[in-house]
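Trainee: I should like to learn how to read a structure of this kind. May we go through it feature by feature?

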Amino acid sequence: MEWSDIVALGGEFPEMVASTSYGTPALKVGKALVIRLREDGDGLVLFDVPHEERELLMAAEPEIFHLTPHYEDYAIVLARMSVITPDRLRLFIERRWRARAPKRAIKALTADR
């Protein structure tokens with residue numbers, strides 16, 4: 001996948017917009033960060049991933065999921081954009097989007113489905 005693929009994936013969710021975070025490309029709903037590209041150009045920061053789930057993901061699929069010491073204390077896992085599939089990534093994007101999107105946007109998504 002490339003960042004343009006992720007922007008297209010984000011476009012499936014109402015009110016999702018392309019933006020930046022820490023000087024890197026990002027997707028946001030309103031002002032809330034949903035996903036961002038890391039400075040290395042291949043790493044994605046995936047939010048709202050509890051530590052227990054993160055450990056399971058990294059153990060089961062280390063070619064996709066990993067972590068750096070900077071993110072250890074946060075509910076975050078890193079994913080390699082070049083390896084993760086769109087269907088897999090969509091689940092993480094939707095979880096974060098639902099946690100941050102306004103109710104009207106969530107209703108719009110439900111109506112579209």
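Trainee: How much area does the chain expose, and what share do carbon and sulfur atoms supply?

Mentor: Accessible areas come from the Shrake-Rupley method with a 1.4 Å probe, and for residues only the protein chains shown count as cover. The chain exposes about 6100 Å², of which carbon and sulfur atoms supply 55%. Please note that this is a predicted model, in which local features need pLDDT of at least 70 and side-chain atom pairs count only at pLDDT 80 or more, while totals for chains, interfaces and linings use all residues. Residues are numbered from 1 along each chain as its sequence is written, and side-chain values use heavy atoms, with hydrogens and water left out.

Trainee: What percentage of the residues count as buried?

Mentor: A residue is buried under 20% relative accessible area, exposed over 50% and partly exposed in between (1.4 Å probe, protein chains only). Of the 113 residues in this chain, 42% count as buried.

Trainee: How many helices and strands are there?

Mentor: Both are DSSP runs numbered from the N terminus: helices are H or I with at least four residues, strands E with at least two. The chain has 4 helices and 6 strands, and from the N terminus their order is α-β-β-β-β-α-β-β-α-α.

Trainee: How is a pair of aromatic rings described?

Mentor: One gives the distance of the centres and the angle of the planes. Rings of Phe, Tyr and Trp (its six-membered ring) pair if their centres lie within 6.5 Å; planes under 30 degrees apart are stacked, over 60 edge-to-face, and the rest tilted. By this rule there are 2 aromatic pairs. F13 and W97 form a tilted pair, with 5.4 Å from centre to centre and 45° between the planes. This pair links distant parts of the chain, 84 residues apart: F13 is in the loop between α1 (3–10) and β1 (16–21), and W97 is in helix α3. Both F13 and W97 are buried.

Trainee: Why is the pair of F65 and F92 called tilted?

Mentor: The ring centres of F65 and F92 are 5.7 Å apart and the planes stand at 50°, so the pair is tilted. F65 lies in strand β5 (residues 65–66) and F92 in helix α3, 27 residues apart. F65 and F92 are buried.

Trainee: Is R96 buried or exposed?

Mentor: R96, in helix α3 (residues 86–100), counts as buried because its relative accessibility is 9%. Contact means heavy atoms within 4.5 Å. Leaving aside neighbours within four places in sequence, R96 is in contact with L33, V34, F47 and D48.
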